[in-house]
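The following paragraphs lead through a single protein chain, from its cysteines to its sheets and aromatic rings. Please keep the sequence and the coordinates in view while reading.

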Amino acid sequence: MPFRIRFIFALLICSCTFVSCKQTAKSDSKSADRLVQRKNVVDKEQAYPKFEFSKEIHKFGEISEGEIVVCEFYFRNVGDANLIIKAIESSCGCTVIKWQKHPIKVGEESKITVEFDSKKRHGKQYKVLSIFANTKRKIKELKITATIK
């Protein structure tokens, strides 16, 4: 008889544990849903600028070694706040990058000018420009390519 009582008691403890785990999972799910809803509200309330480029890659084609070539990337701020470009870095010291340092207002257009110096370079070239800005995605990449003869 004591064995039956112990067995029933153990069965009750296990079932209570399962029930309490199930309730915890439900409450955790509700908490997660509330967090997602709050994040969505915060994202909607937070206004971000957004780039819209006319092109994101420029192909210089074939150029001669030692030639300096220039291209421009035109863009518009299609976001909901002023766009501030904090910095632009290149994957190579062979480029000089120029841009407006003041905020670009919503709907305003601007450009990024890139000078590529092919001195001491040969063959196919692929360079990445990383734009650091106050957009939702903190980094935007542009690319330039050339084949140097």
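A disulfide is a pair of cysteine sulfur atoms within 2.5 Å. Cys-92 and Cys-94 meet this criterion, with their sulfur atoms 2.3 Å apart, and the count under this rule is one disulfide. Such a link is a covalent bond between the sulfur atoms of two cysteines. Cys-92 and Cys-94 are both buried, where buried means under 20% relative accessible area, exposed means over 50%, and partly exposed lies in between (1.4 Å probe, protein chains only). Cys-71 has a relative accessible area of 3% and is therefore buried.

The model is predicted: local features need pLDDT of at least 70 and side-chain atom pairs count only at pLDDT 80 or more, while totals for chains, interfaces and linings use all residues. Residues are numbered from 1 along each chain as its sequence is written, and side-chain values use heavy atoms, with hydrogens and water left out.

The protein comprises one helix and eight strands. Helices (H or I, at least four residues) and strands (E, at least two) are DSSP runs numbered from the N terminus. Read in that direction, the elements follow the order α-β-β-β-β-β-β-β-β. Of the 149 residues in the protein, 29% are buried. The protein exposes about 10,500 Å², of which carbon and sulfur atoms supply 57%; accessible areas come from the Shrake-Rupley method with a 1.4 Å probe, and for residues only the protein chains shown count as cover. With contact defined as heavy atoms within 4.5 Å, 66% of the contacts between residues at least 6 apart in sequence join residues at least 24 apart.

The strands can be followed sheet by sheet. Two strands pair if DSSP finds at least two bridges between them. Strands of a sheet pair through backbone hydrogen bonds, either parallel or antiparallel. One open sheet of four strands has the order 2-8-7-4 and mixed pairing. Its edge strands are strand 2 (57-63) and strand 4 (85-90), each of which pairs on one side only. From one strand to the next the twist averages 15°, with axes taken as lines fitted to C-alpha atoms (for helices over the stretch in contact) and angles running from 0 to 180 degrees between N-to-C directions.

Within this sheet, strand 2 and strand 8 pair in the parallel sense over five bridges, and Ile-57 stands opposite Lys-143 in strand 8. Strand 7 and strand 8 run antiparallel and are joined by 10 bridges; Lys-127 has Ile-144 of strand 8 as its bridge partner. Strand 4 pairs with strand 7 in the antiparallel sense over five bridges, and Glu-89 is matched there with Ser-130 in strand 7.

Strand 7 and strand 8 also form a hairpin with five residues between them. Lys-136 lies in the loop between strand 7 (123-133) and strand 8 (139-148). Its relative accessibility is 49%, so Lys-136 counts as partly exposed. The C-alpha atom of Lys-136 is separated by 6.0 Å from that of Tyr-48, although these residues are 88 apart along the chain.

Another open sheet of four strands has the order 1-3-6-5, with antiparallel pairing. Strand 1 and strand 5 stand at its edges with a single partner strand each, so one side of each has no neighbour in the sheet. Here the twist averages 30° from one strand to the next. Nine bridges join strand 3 to strand 6, and Arg-76 has Glu-109 in strand 6 as its bridge partner. Strand 5 and strand 6 (residues 109-117) run antiparallel and are joined by five bridges, with Lys-98 opposite Thr-113 in strand 6. Side chains alternate along strand 5 (residues 95-99): Thr-95, Ile-97 and Trp-99 point to one face and are buried, whereas Val-96 and Lys-98 point to the other and are not.

Aromatic rings complete the description. Rings of Phe, Tyr and Trp (its six-membered ring) pair if their centres lie within 6.5 Å; planes under 30 degrees apart count as stacked, over 60 as edge-to-face and the rest as tilted. The structure holds four aromatic pairs. In one of them, the ring centres of Phe-53 and Phe-75 are 5.2 Å apart and the planes stand at 45°, so the pair is tilted. This pair links distant parts of the chain, since Phe-53 belongs to strand 1 (residues 51-53) and Phe-75 to strand 3 (residues 68-77), 22 residues apart. Phe-53 and Phe-75 are both buried, and together with Phe-51 they form one aromatic cluster.
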